[in-house]
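Subject: Structure handover

Hello,

Here is the structure I promised to pass on. Please open it alongside this note.

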Number of protein chains: 2
Amino acid sequence: MIESVARTKSYCAVEWKEGHLRYLDQRKLPREERYVEATTESDVAEAIRSLAIRGAPLIGIAAAYGIVLAVQRLPEDADPAMLRVRVERALTLLGSTRPTAANLFWALDRMRKVFDRVGTGNIETLRSRLLDEAMRIHREDEEQCRRIGEFGTQLLPLAATVLTHCNTGGLATGGIGTAQGILATAWRSHKLKHVYVDETRPLFQGARLTAWELSKLHIPFTLITDSTAPFLMQRGIITAIIVGADRIARNGDTANKIGTYGLAVLAHHHGIPFYVAAPRSTIDPAVPDGEAIPIEQRSADEVTRPFGLQLAPDGVDVYSPAFDITPHGLISAIITEAGVVKPPYEFLEHSRGA
Amino acid sequence: MIESVARTKSYCAVEWKEGHLRYLDQRKLPREERYVEATTESDVAEAIRSLAIRGAPLIGIAAAYGIVLAVQRLPEDADPAMLRVRVERALTLLGSTRPTAANLFWALDRMRKVFDRVGTGNIETLRSRLLDEAMRIHREDEEQCRRIGEFGTQLLPLAATVLTHCNTGGLATGGIGTAQGILATAWRSHKLKHVYVDETRPLFQGARLTAWELSKLHIPFTLITDSTAPFLMQRGIITAIIVGADRIARNGDTANKIGTYGLAVLAHHHGIPFYVAAPRSTIDPAVPDGEAIPIEQRSADEVTRPFGLQLAPDGVDVYSPAFDITPHGLISAIITEAGVVKPPYEFLEHSRGA
């Protein structure tokens, strides 16, 4: 199943292979397609923390495999108490990598439940069940992307010109992507005319990753600076805006890459539909609204010296939140694998995936 | 007079010195403070075209000095017909460097009027009168900045936190700046609490130039990515937005650095005053509205490989307008050296400077 992902995309963001997690180091893109093998949970945690692996759904998938790695090389007769400590530590370590993406905590919660159910009696069984669950999370995400792509495509008119932000494709998920999965599906369905891709400061995921993926998919697109998006809306060029999400509160307020909120206000001003695409694992029913979503802060260096290029004088004060909150009132619809949800949003516990 | 500018700012964007134009190469900032001597009109044209000299008012000043350089090294007995051709060519060359800034054409028009008045009879007199006019344009701009600073400061409440975009300081004008001149004056008047500086893609004038200037002025500021501005507005942190202008149409529609329009829409959405600060030489009464303002396109490289840093895959399509148009309805007031103009805007021929 996972191999088929690799075939259809010609690259693979994460892949379980011969007892380790093979991942594409996204920090090197587009200059270099470098695959790395993670053999411990610490390797995975570091890859997530450093954004070698990124994208809310993909972070969840990778973290699940990280738990498998935590029990991977223990001897058959490992002490049950030690095994428990090891899994608990891995859950804590992986849960501490990035604070905003809901999928991370959701995936770790699924892994914890398997651990609680299987227990420490037989390490071979535990290993096998944990791997089954991680692969299930991975495969489910692939299927969810496919369904999101189909539901989202139904919302678009013919010859749509869509603006997107950040990266929400195969590099951010276990499948064809969320917002970008809709673009890929709409393109195959001959409904998509053109994509405008925000470069997405500070880490340029649009320029580095989305441009790279859309090129591979042969989808026609134009790269713009983030500040050019309002100009295109003003000129009537944009049919719809579709973005992903890192966490969606119960009332529909959505945390996504910094810049998303501004796009939503501008879409509202210009009467352009603004869609959020995400699997239900991104919905956090424990969070009533956007104010309760923690926002990760990024380092000053990414603004003053992106990839080593000195832009600003040394030592200047920088404020760089990684995400912003788009209030539900600015979101035309939320597209999940279960269908298209329109306002009013009220996501309950059972609205989430398994 | 010009030397005093250099003293108070501790750097000098352009300066007439011993028969040539000395300028600070802004492309090298903030890493290097490199001064260059322009000895021909072609040198000046190339400096403007390459953005070594930039900022609408400063472009006008530099172009005026460029006309002086065109007649600088001609022999006393130069053929009058050749002299005329030379000046005409210099006017055309300098007028072709950048299409949007109104001040460029306004300054060249002043130089042409001096040439028409003085004629080709006495080259020494012509040289002297052209230099007088260029220095007058320079000095007037310095004084206009001072007045804009004072008028603008009156609009601000105490403890204001102001967001600005691009660079509008001593590096963009012949004085303390337009929008930034207001920040400097408000800071000295104890009305300014803090400045947020947009980095301003694609050329990072906020990160490279405004951050450098505000550091030298000891004005407290925080550098942000362009996409972070909406987040700050949403959180109620911004008291006012002040930007400069490259050209203002008769109805108040304003061309300014790409991203300005988005800020204006967001300011409107959040009920934040949005001010444009510019000398009257930026107003183009020949242009009825924003649609008639030509918009310069920048090269793809600035987006895909800023300063040589490869971000996007090679060969991707890029759309990069240098400016956008903010409709007059989104502008709370336009601050010129003649005072604060509030809507409805109707700038007539006589509203412009000499």
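Below is what was found in it, starting with how the chains relate.

Please keep in mind that this is a predicted model.

**Symmetry**

Chain A superposes on chain B with an RMSD of 0.0 Å. The operation is a turn of 180° with a shift of 0.0 Å along the axis. The two copies are therefore related as by a two-fold rotation axis. Both copies use the same surface: 100% of the contact residues of chain A recur in chain B.

**The interface**

How many residues of chain A are in contact with chain B? There are 52, and they meet 52 residues of chain B. Together the two chains bury about 4300 Å². Carbon and sulfur atoms carry 69% of that area. Which residues of chain A lose the most area to chain B? They are A:Phe231, A:Leu311 and A:Tyr319. Together these three make up 15% of what the chain A side buries.

**Polar links across it**

The count of salt bridges between chain A and chain B is 2. In a salt bridge, the side chain of A:Glu199 meets that of B:Arg201, at 2.6 Å from N to O. Polar contacts across the interface come to 12 residue pairs, with both residues at pLDDT 80 or more.

**What builds the chain A side**

Six elements of chain A each give two or more residues to the side that touches chain B:

- helix H8 (205-217)
- strand S6 (221-224)
- helix H9 (229-234)
- helix H10 (260-270)
- helix H11 (301-304)
- strand S11 (323-326)

H10(A) gives the most, with 6 residues. By residue class, the chain A side divides into 31 nonpolar, 13 polar and 8 charged.

**A sheet in chain A**

Strand S11 of chain A, listed above for the interface, also belongs to a sheet. This sheet is open and has 3 strands. Their order is S8-S9-S11 in chain A, with antiparallel pairing. Which strands are at the edges? They are strand S8 (247-248) and S11 of chain A, and each pairs on one side only. S8(A) is joined to strand S9 (residues 254-257) of chain A by 2 bridges, and these two strands run antiparallel. A:Arg247 stands opposite A:Ala255 in S9(A).

In short, the handover covers a predicted model with two copies related as by a two-fold rotation axis. Their interface buries about 4300 Å².

Best wishes

Technical notes. Residues are numbered from 1 along each chain as its sequence is written. Chains are lettered from A and ligands numbered from 1 in the order in which they are written. This is a predicted model: local features need pLDDT of at least 70, side-chain atom pairs count only at pLDDT 80 or more; totals for chains, interfaces and linings use all residues. Side-chain values use heavy atoms; hydrogens and water are left out. Copies are superposed by least squares on the C-alpha atoms of residues with pLDDT of at least 70 in both. Contact means heavy atoms within 4.5 Å. Buried area is the accessible area (1.4 Å probe) that two parts lose on being put together, summed over both. A salt bridge is a side-chain nitrogen of Lys or Arg within 4 Å of a carboxyl oxygen of Asp or Glu. A polar contact is a pair of N or O atoms within 3.5 Å; within protein, one must be able to donate a hydrogen and the other to accept it, and residues adjacent in sequence count only if both atoms are side-chain atoms. Helices (H or I, at least four residues) and strands (E, at least two) are DSSP runs, numbered from the N terminus. Ala, Val, Leu, Ile, Met, Phe, Trp, Tyr, Cys and Pro count as nonpolar, Asp, Glu, Lys and Arg as charged, and the others, Gly among them, as polar. Two strands pair if DSSP finds at least two bridges between them.
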